[in-house]
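Here's a short tour of one protein model, starting with its open spaces and then going residue by residue. Have the structure open while you read.

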Amino acid sequence: MDQRHALRELFALDPAAGLGDGELFLGRPPLELSSPVYGGHLAAQALAAAGRTVAEGLPVHSVHCSFVRPAVPAVPFGHRVERVKDSTAFALRRVTAAQRGREVFAMTASFHRPEPGLDHQDAMPSVPGPEELPTYEERLTTAFGEVMQPLGMPYDLRFVGPLSFDAEKDPSLASPGTLVWVRARGELPDVAGAGRERLLHACLLVYVCDVTMLETVVVRHGVSWFHASARSVDYTVWIHRPFRADDWLLCAHRTPVASGGRGLVLGSVFTRDGTLVATLAQEGLLRVAAERGAAG
């Protein structure tokens, strides 16, 4: 299957009979069989379900996710959408996702009709363009000394600085932040207006950005994923302006704190022309192998 269509198929929800209050949509399990299921899959699919119940002209502006239990592959999700609020300017939805009758995920999504008002933003960091950087597979080839074939991911990543594997080999490369260009593979529909096409780009942003954030914590400590594991606890995305998920977006991440086995990452997402289109926050549970420890 074409990668573009493979990713979009994840958001092709099947409506099911509503039970009690709310509406129920059946979401397809991910294509990969990794366990637990990737959190970005759940978040993006739940947002797609919420958006199916919102009137045209109200684009999503914030998504707040809680990962309740590890989800398993090969089992569909039941996304129940609760209509909390509908007004001229706002719509608010709560979504819970269940597998085999157990809740595994919860989301609150808010939609807002854009209004005139104050306008400002932080500046984008000065970084090389994505075309000047090696692919993720090329970076892994350099890190491990053997040729890595294309991984078949439905998105493309270009890291500006060191990966966790690099920082573990050379502790001087440890850094409090990471910079990575991301994009969904393939060409997607335009984002004119605030309809379903714009929602699709938002779902893809939620999906792709979850891939890169917790890398920032282990890079800061010079620990690779050979000696650490991570699981998202919660994840928030604020969307400020329209963007295309199939064009390069720069994610500038920093980790202000790690404590109690959890690490917090904050991120800013910019288009190539320097427009700040989204802000991210994620807290993850990170466990480091006892024999490795963390540099601090």
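Which residues lie nearest the centre of the second largest pocket? They are His112, Glu115, Ile239, His240 and Arg241, out of the 19 residues that line the pocket. A quick word on what you're looking at: this is a predicted model, where local features need pLDDT of at least 70, side-chain atom pairs count only at pLDDT 80 or more, and totals for chains, interfaces and linings use all residues. Residues are numbered from 1 along each chain as its sequence is written, and side-chain values use heavy atoms, with hydrogens and water left out.

**Pocket and cavities**

Back to that pocket: the second largest has a volume of about 520 Å³. Its lining divides into 9 nonpolar, 6 polar and 4 charged residues. In this scheme Ala, Val, Leu, Ile, Met, Phe, Trp, Tyr, Cys and Pro are nonpolar, Asp, Glu, Lys and Arg are charged, and the others, Gly among them, are polar. The search runs on a 1 Å grid over the protein atoms alone: a cavity is a set of points where a 1.4 Å probe fits but cannot get out, a pocket is an open set with protein on both sides within 12 Å along at least five of seven lines, and lining residues have an atom within 4 Å of a point. Points are joined across faces, edges and corners, and a volume is the space filled by probe spheres set on the points.

How many cavities of 30 Å³ or more does a search of the whole structure find? There are 2. The second largest cavity comes in at about 30 Å³, and Val182, Arg183, Ala184, Leu204, Leu205, Val208, Ala245 and Leu249 line it. Strand S8 (177-184) and helix H5 (196-212) are the elements that give two or more residues to that lining. By class, the count is 7 nonpolar, no polar and 1 charged.

Leu249, one of those lining residues, is found in strand S10 (residues 249-259). It touches Val180, Trp181, Val182, Leu205, Phe243, Arg244, Val269, Phe270, Thr271 and Val277, leaving out residues up to four places away in sequence; a contact here is heavy atoms within 4.5 Å. Leu249 and Val182 are 67 residues apart in sequence, yet their C-alpha atoms are 5.3 Å apart.

**The protein overall**

Zooming out, the protein has 6 helices and 12 strands, taken as DSSP runs numbered from the N terminus (helices are H or I, at least four residues; strands are E, at least two). Of its 296 residues, 48% are buried. Among contacts with a separation of 6 or more, 71% join residues 24 or more positions apart. The exposed surface is about 13800 Å², with carbon and sulfur atoms supplying 53% of it; areas come from the Shrake-Rupley method with a 1.4 Å probe, and for residues only the protein chains shown count as cover.

**Five residues side by side**

Buried means under 20% relative accessible area, exposed over 50%, and partly exposed in between (1.4 Å probe, protein chains only).

| Residue | Class | Relative accessible area |
|---|---|---|
| Leu249 | buried | 3% |
| His61 | partly exposed | 25% |
| Ala230 | partly exposed | 37% |
| Ala74 | exposed | 58% |
| Arg100 | exposed | 71% |

His61 sits in strand S3 (residues 60-67). Beyond its neighbours within four places in sequence, His61 is in contact with Phe90, Ser110, Phe111, His112, Val237, Trp238 and Ile239. Two of those, His112 and Ile239, are also listed nearest the pocket centre.

Ala230 lies in strand S9 (residues 228-239) and touches Leu214, Trp225, Leu285 and Leu286, again not counting residues up to four places away.

Now for some backbone oddities. Most residues other than glycine have a negative phi. Ala74, in the loop between S3 and strand S4 (77-86), has a positive phi of about 70°. Arg100, in the loop between strand S5 (90-99) and strand S6 (102-112), has one of about 50°.

**Helix H3**

Helix H3 (residues 136-144) buries Tyr136, Glu137, Arg139, Leu140 and Ala143. Seen down the axis, these fall within an arc of 155° (from the directions from the helix axis to the C-beta atoms), so they line one face of H3. They pack against strand S7 (155-159) and helix H4 (164-169). Right after H3 comes Gly145, with a positive phi near 75°.
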